[in-house]
Amino acid sequence: MAGSVNKVILVGNLGKDPEIRRTNDGRPIANLSVATSETWRDKNSGERKEKTEWHRVVIFSEGLCKIAEQYLKKGSKVYLEGQLQTRKYTDKDGNEKYSTEVVLQGFNSALTMLDTRGGGSGGGYESSDDFGAQSAAPARKPAMAGAGGGRGDMDDEIPF
């Protein structure tokens, strides 16, 4: 294999408000708890089943941390792009433990809000500058059908 890819894409809901901490030099770090769910019907009983997975997400990008702090809250629907990272730590009893998290940092991470503070659909923010610089630029919104071009009412006859 010539190369490898470590990319995670999640679309889910926040299980609690973002937790914002600061490093010694004042940079923010945001911790999110994101739930993704799948539903299906049991073949035998016909009853609806649901399975929820919880994901730990850590944001090191300063611009994305500001967005998370200002606009995200428990229940917010988000689209996230990041990388998996596993870290080793020692708990208070001296036992070594491992934690795998989705990490958003650098130029290949994104955070898009899929609903606004009012609960409707809305814009988002991405971090996608070159050389690892982070920004909070508005994400592009899809064009509305029939907007701007006057071609929304196509009820005239086909010319051939």
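In the predicted model, strand 2 (residues 19-22) is paired with strand 3 in the antiparallel sense through 4 bridges. Arg22 of this pair stands opposite Pro28 in strand 3. The two strands make up a hairpin in which 5 residues lie between them, and Gly26 in the turn adopts a positive phi of about 95 degrees. Strand 3 also pairs with strand 1, again in the antiparallel sense, over 2 bridges; here the bridge partner of Asn13 is Ala35 in strand 3.

Strand 3 is further joined to strand 4 by 12 bridges, the two strands running antiparallel. Within this pairing, Thr39 is found opposite Glu50 in strand 4. Strand 3 and strand 4 likewise form a hairpin, with 6 residues between them. The turn of this hairpin contains Gly46, whose phi is positive at about 80 degrees.

Strand 4 (residues 48-59) pairs in turn with strand 6 (residues 96-104), in the parallel sense and over 3 bridges. Ile59 stands opposite Leu104 of strand 6. Strand 6 is also connected to strand 5 (residues 77-90), by 8 bridges in an antiparallel arrangement. In this second pairing of strand 6, Val103 is the bridge partner of Gln83. Strand 5 and strand 6 form a hairpin with 5 residues between the strands, where Gly94 takes a positive phi near 90 degrees.

These pairings belong to a protein chain with 1 helix and 9 strands. Read from the N terminus, the order of elements is β-β-β-β-α-β-β-β-β-β. Among contacts between residues at least 6 apart in sequence, 49% join residues at least 24 apart.

The largest nonpolar core contains 19 residues, of which Val57, Ile59, Leu72, Leu80, Leu104 and Leu111 touch the most other members. At least two residues of this core are supplied by each of strand 1 (8-14), strand 3 (28-41), strand 4, helix 1 (62-71), strand 5, strand 6 and strand 7 (109-113). Helix 1 provides the largest share, 4 residues. Ile59 and Leu104, listed among the core residues that touch the most other members, also stand opposite each other in the pairing of strand 4 with strand 6. For Leu72, another of these core residues, the contacts beyond its neighbours within four places in sequence are with Leu14, Pro18, Ile67, Val78, Leu111 and Met113. Leu111, one of these contacts of Leu72, is itself listed among the core residues that touch the most other members.

Of the 160 residues of the protein chain, 29% count as buried. The chain exposes about 11500 Å², and 47% of this area is supplied by carbon and sulfur atoms. A nonpolar patch on the surface is formed by Ile9, Val11 and Leu114, with about 240 Å² of accessible area together. Leu114 of this patch is located in the loop between strand 7 and strand 8 (125-127). With a relative accessible area of 32%, Leu114 is partly exposed, and its value therefore passes the cut-off of over 30% that applies to patch residues.

Key:
Residues numbered from 1 in each chain as written. Predicted model: local features only at pLDDT ≥ 70, side-chain atom pairs only at ≥ 80, totals over all residues. Heavy atoms only, no water. Pairing = 2+ DSSP bridges. Core = buried A, V, L, I, M, F, W, Y, C linked by side-chain atoms within 4.5 Å. Buried < 20%, exposed > 50% of the residue type's maximum accessible area, 1.4 Å probe, protein only. Contact = heavy atoms within 4.5 Å. Areas by Shrake-Rupley, 256 points an atom, 1.4 Å probe, with all protein chains shown as cover. Patch = residues over 30% accessible without salt bridge, like charges linked within 9 Å, V, L, I, M, F, W, Y side chains within 5 Å. Salt bridge = Lys/Arg side-chain N within 4 Å of Asp/Glu carboxyl O.
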